[in-house]
Amino acid sequence: MCGGFRAADAGARVRLGGWIHRTRDLGGLLFLDLRDRSGLVQVSFDPRWATPEAIAAAASAGVESVVLIEGEVALRPPEGRNPEMATGEVEIRAASINVVGPAETPAIPVSLGKGEKLASEELRLRYRHLDLRRPELRDNMILRHELMQATRRYLDEHGFIEIETPILTKPTPEGARDYLVPSRVHKGEFYALPQSPQLYKQLLMVAGFDRYFQIARCFRDEDLRADRQPEFTQIDIEASFIAPEDVYLLTEGMIAALWRVAGLSVPPKFSRMTYADAMENYGCDRPDLRYDLRIFDATDIVREADFGITRSAIEAGGRVRGLRIPGGATFSRKQVDELEAIAKSAGVAGLLRTKRVSDTLDGPLAKHLPSGAGEKLGIEEGDLCLLVAAPDASANPALDRVRQEVASRQGLGNGASAFVWITDFPLFGRDAATGALGSVHHPFTSPHPEDLAKLESDPEHVRALAYDLVFNGTELGGGSIRISDPRIQSRVFTALGITESDAETRFGFLLEGLRSGAPPHGGIAFGFDRIAMMLAGAQSLRDVIAFPKTTAARALFEGAPSPVADEDLQELHIRKQ
């Protein structure tokens, strides 16, 4: 291939094909760089070894045209060598050229000249076949392939069997909307595209395939972000007779194998943190531990302060919590106002501010604090203290956002990396709008054995045998030990308000499997696209997916979604309104 030639190949007769990357005409002597996915090689057309017809054909071939070339590998003269190219010591002295795929002028640039900027992302997605020729995206696709093969090798070596599960299935309670597929042969009935293979992998455990994995395609009809796509790939893993410790050990080895593909290393053991500690100290369940900027509770310290905002918040059942920012006293008023705007956008009324300058507390809050409060708050010289007086449900997201913004502005944690397992999630949570009890993960997650007695009496304080792996503040994946006892599954359904008849209608095939004798089992799933994005150093999932959707869930290259003819809809028993 084009990128494989080295000095040792000098003298070899070759036939190769590729795309014309760029050309240089030196008046009777023509050079072109030929490209394929392996890289570039220089091809020279000189009257001493190429016919006039070959030189003319090379000169008239446009950039991005596909050509077949025959010639000989030769060493470049010392002054003509290019150390920036892997093939820079050699060239192909072409004897003939055949233009097999003439190209029109590219709609977007593939080879960027000096100072030339990329086309807009929308235009690059429209001409994705051209954009994928760029070295950056080409390398991302190759890395993705290598990560996929490393995953398969690792899990195969650990006794896991790759099994494909259905794409056309029934709706699932995964928390997002399903993509529905109408059935032509069953009028008025629909399949759903899977949000995950959850129920099938549990049934595979019942069937005795005690170690399963799949690099699975999943679909969720939800709002998009830079790290979300309506269709995505996940590494799906399930095993029987395991505990969370087994999952941690297996996973840490797999992550190490994937990071090695990108030339990176991971610590021999990942740190762990309970969900409760994560929310208390960092305000979220995916804390970025590359920097030590923790939330602290100042409620008792300011309880006696002569300040209506803190007093009313505490009397209403809220708390006063905040951040100590070393060196933050140098922040300008405008900078602190910007932080407050971020906190307000997350749902709180504002930030209470004070700082220590010249061994004295300063700022709007200082005059309301009792004597000695600065020392009790731990505010040292040059520190800025930002507090929120609110219920935890509002304060946590606000302080999390402020923490992240401060770290970004101060460059905290740059160049570092941190993995952490978040454990002991709550099994249930209340819907903020309706107050209804719902599953934090999914209704098949096992309650913590120590909390089984609370299922009926105190469901909101039941812990789950669930866990997430977080890397640099981003969730890489999550999983749980599943419910294998149908009696416990029925109790969980009851707590969720799912009647026995409704449970049989929605999950009857799973319940039937559990009643057939189910081993204890559990697993984990990782966002493969997200891992590829991080290891490639890309800014968006779209940079590591061959044909991604836009943030509006549109496929610009092929023009999907698109209208369907009325007669086709009629055959599917669908009528437009």
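Residues are called buried when their relative accessible area is under 20%, exposed when it is over 50%, and partly exposed in between, with a 1.4 Å probe and protein chains only. The structure described here is a predicted model, in which local features need pLDDT of at least 70 and side-chain atom pairs count only at pLDDT 80 or more, while totals for chains, interfaces and linings use all residues. Residues are numbered from 1 along each chain as its sequence is written, and side-chain values use heavy atoms, with hydrogens and water left out.

Helices (H or I, at least four residues) and strands (E, at least two) are DSSP runs numbered from the N terminus, and two strands are taken to pair if DSSP finds at least two bridges between them. On this basis, eight strands form an open sheet of mixed pairing, in the order β6-β9-β10-β22-β21-β20-β17-β11. Its edges are β6 (161-162) and β11 (271-274), each of which pairs on one side only. Strands of a sheet pair through backbone hydrogen bonds, either parallel or antiparallel.

Within this sheet, strand β10 (residues 231-240) runs antiparallel to strand β22 (residues 521-527), to which seven bridges join it. On its other pairing, β10 meets β9 in the antiparallel sense over nine bridges. Individual residues illustrate both pairings: D236 stands opposite A525 in β22, A239 faces G522 of that strand, and Q214 is placed opposite D236 in β10. Strand β10 is mostly covered, nine of its 10 residues being buried.

Helices pack on the sheet, where contact means heavy atoms within 4.5 Å, and where axes are lines fitted to C-alpha atoms, for helices over the stretch in contact, with angles running from 0 to 180 degrees between N-to-C directions. Helix α4 (residues 135-157) touches β6, β9 (211-219) and β10, and its direction makes about 150° with that of β9. Helix α5 (residues 198-206) lies across β9, β10 and β22, running at about 25° to β10. Helix α4 also approaches helix α6 (residues 244-261), the two axes coming within 9 Å and crossing at roughly 145°. This crossing of α4 and α6 is right-handed, a crossing being left-handed if the near helix is turned anticlockwise from the far one by less than a right angle and right-handed if clockwise. Among the residues that meet there are L143, L147 and A150 in α4, and L250, G253 and M254 in α6.

A further link to β10 is provided by D529, which is placed in helix α16 (residues 528-536) and is buried, with a relative accessible area of 3%. The side chain of D529 reaches the backbone nitrogen of T233 at 2.9 Å. When neighbours within four places in sequence are left aside, the contacts of D529 are R144, F232, T233, L541, V544 and I545.

A salt bridge is defined as a side-chain nitrogen of Lys or Arg within 4 Å of a carboxyl oxygen of Asp or Glu, and a search of the whole structure finds 46 of them. In helix α10 (residues 333-345), D337 and R333 lie four residues apart, about one turn of the helix, and their side chains meet in a salt bridge at 3.4 Å, N to O. Of this pair, D337 is partly exposed at 30% relative accessible area, whereas R333 is exposed at 62%. D337 also forms a salt bridge with R353, the closest N and O atoms being 2.7 Å apart. Because R353 lies in strand β14 (residues 352-357) and D337 in helix α10, this pair ties together parts that are 16 residues apart in sequence. R353 is buried, its relative accessible area being 12%.

Elsewhere, R124, R128, D131, R134 and E136 are joined into one network by salt bridges that share partners. In the pair formed by E136 and R134, the closest N and O atoms are 3.2 Å apart; E136 is partly exposed at 47% relative accessibility, while R134 is buried at 5%.

Helix α10 packs in addition against helix α12 (residues 392-410), at an angle of about 145° and with the axes 8 Å apart. The crossing of α10 and α12 is right-handed. The residues of α10 that meet α12 are Q335, E338, L339, I342, A343 and S345, and their counterparts in α12 are A398, R401, V402, E405, V406 and R409.

Notes:
Polar contact = N/O pair within 3.5 Å; in protein donor to acceptor, adjacent residues only side chain to side chain.
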